[in-house]
Amino acid sequence: MKLRVVVLGAGFGGLELSTILSETIGEQIDLTLIDQNDSFFFGFSKLDVAFGRQLPDAVKIPYSSIVKPGVKFRKEAITAIDPVAKRVTTQSAIYDADVIVIALGADYDLDATPGLAETGNEFYSFPGAEKLREILPSFTKGHAIVGVCGAPFKCPPAPSEAALLLHDHLTKLGVREACTISLVMPFGLPIPPSPGTSKALLKAFQQRNIQFIAQRKVHSLAASGRVVMLDDGTELPCDLFLGIPKHVAPKVVLQSGLAENGWIPVNRTNLLTRFPGVYAIGDVTSIGTPKAGVFAEGAAKIAAASIIAAFNGNENSTGYNGAGTCYIEYGNGEVGKVDVDFFSGPKPVGIHHEPSEAMVADKAFFGSSRKARWFGI
Ligand SMILES: Cc1cc2nc3c(=O)[nH]c(=O)nc-3n(C[C@H](O)[C@H](O)[C@H](O)COP(=O)(O)OP(=O)(O)OC[C@H]3O[C@@H](n4cnc5c(N)ncnc54)[C@H](O)[C@@H]3O)c2cc1C
């Protein structure tokens, strides 16, 4: 009898986990990988699309490219998860499993920020990034605000990257002098676990005249988006709002009984939820790392090792260390990186690597190596 594995979500976590299981025990599994989309794109591609560096279609990688022993991809929307019966329902089928892996990521709740859906922009969803791409060329003077509306949010460096790329964009357009840029962040520093990276980013903001507003979140947008209200009552004038919406677990997860306080709690040693045979990885969990692809990928490795060990009648002894590398766009053709480790020591540590042109190739390899590994292209 083959092990029936159903993987919910073909993002960073689901793709890595399916790849490992296929490579290791592909002949002995019947793995169904389900996603509502027909293609994958990296989170950072949304910045490329929004700032006109890449065409939307150029960054999409079709799931039809996946050809792996033991794996079949299904483009379906998941409508129910029963973690006790280990049954997954989609809009067109029902899957009974021996092992379920939930890798459904995080959704956005735009309505949690009054005025955002009606009068603001967000660049965290693909359609949001595509819309921003159309709007940006017409912004030539006034106040631009990149603002975080809720925490936790994906990829903590992304708001800083957006502010820096916006500076580049306005400079190229020749209108930078006519515009202000402010960045509203809920942290005291841009990247709290890495003082070195935070210092480098604060210096980059200062050099580019970007105002960093620390320890604040955006509460709402008023006056048809012309005023941004912060959570302490401060009002900022605004002509262009680039929002990072409040994140929530997908509705199907919240309805499944798997979540507590909004996200799925997991055991850090094996990524199991409180339901036997049901694992959760990546942004949908409350594991304690930031919501980022590298951490979803790291968790996928441990979940896969646990599934393989259990299949062979053993236990996986390597726990999840919450370590990963994040690349950061500084604009001006430069990329830096930070190596972060959340669980190995008593507190999170982040090692700063100076931005350089050479790091651009490192980041490109990060993307191309995953594309090759997960899609064979
Ligand atoms: C602007 C931006 C820049 C970023 N830059 C980086 C970066 O440089 N490095 C980095 O590591 N991370 C980055 N990230 C974060 C990264 O994209 C996510 O953290 C990562 O994709 C999370 O992986 P995941 O597997 O948990 O979920 P996801 O990759 O989000 O995958 C979840 C999948 O589940 C599917 N799904 C959800 N609900 C359903 C349903 N009901 N039915 C069927 N399918 C469903 C979705 O379609 C999706 O494909 C960035 C994010 C943004 C927004």
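In the predicted model, the ligand is surrounded by 35 residues, of which Gly9, Gly11, Gly43, Gly105 and Gly282 come nearest. By class, this shell is made up of 20 nonpolar, ten polar and five charged residues. Several secondary-structure elements each supply at least two residues of the shell: the helices α1 (12–25), α2 (45–50) and α8 (293–311), together with the strands β2 (29–35) and β21 (323–331). The ligand lies between domain 1 (3–106 + 249–311) and domain 2 (110–247), because both domains give residues to the shell around it.

Within the chain, Leu221 was examined individually. This residue is located in strand β15, which covers residues 218–222. Leu221 has 25 C-beta neighbours inside 10 Å and therefore counts as buried, the threshold being 20 or more. Apart from neighbours within four places in sequence, the contacts of Leu221 are Gly115, Leu116, Thr119, Gly120, Val228 and Phe241. Thr113 is 108 residues away from Leu221 along the chain, yet the C-alpha atoms of the two are separated by 7.4 Å.

For the chain overall, nine helices and 23 strands were assigned. The C-alpha trace spans about 70 × 40 × 40 Å along its principal axes. The radius of gyration of the chain is 21 Å, which agrees with the value near 21 Å for a compact globule of 377 residues. Of the 377 residues, 45% are buried. Among contacts between residues at least 6 apart in sequence, 66% join residues at least 24 apart.

Definitions and conventions
Residues are numbered from 1 along each chain as its sequence is written. This is a predicted model: local features need pLDDT of at least 70, side-chain atom pairs count only at pLDDT 80 or more; totals for chains, interfaces and linings use all residues. A residue is near a molecule or strand if its C-beta atom, placed from the backbone, lies within 6 Å of it. Helices (H or I, at least four residues) and strands (E, at least two) are DSSP runs, numbered from the N terminus. Ala, Val, Leu, Ile, Met, Phe, Trp, Tyr, Cys and Pro count as nonpolar, Asp, Glu, Lys and Arg as charged, and the others, Gly among them, as polar. Domain bounds come from an automatic or database domain assignment. A residue is buried if 20 or more other C-beta atoms lie within 10 Å of its own, exposed if 12 or fewer, and partly exposed in between; C-beta atoms are placed from the backbone. Two residues are in contact if their C-beta atoms, placed from the backbone, lie within 7 Å. The radius of gyration is taken over C-alpha atoms; the globule rule is 2.2 Å times the number of residues to the power 0.38.
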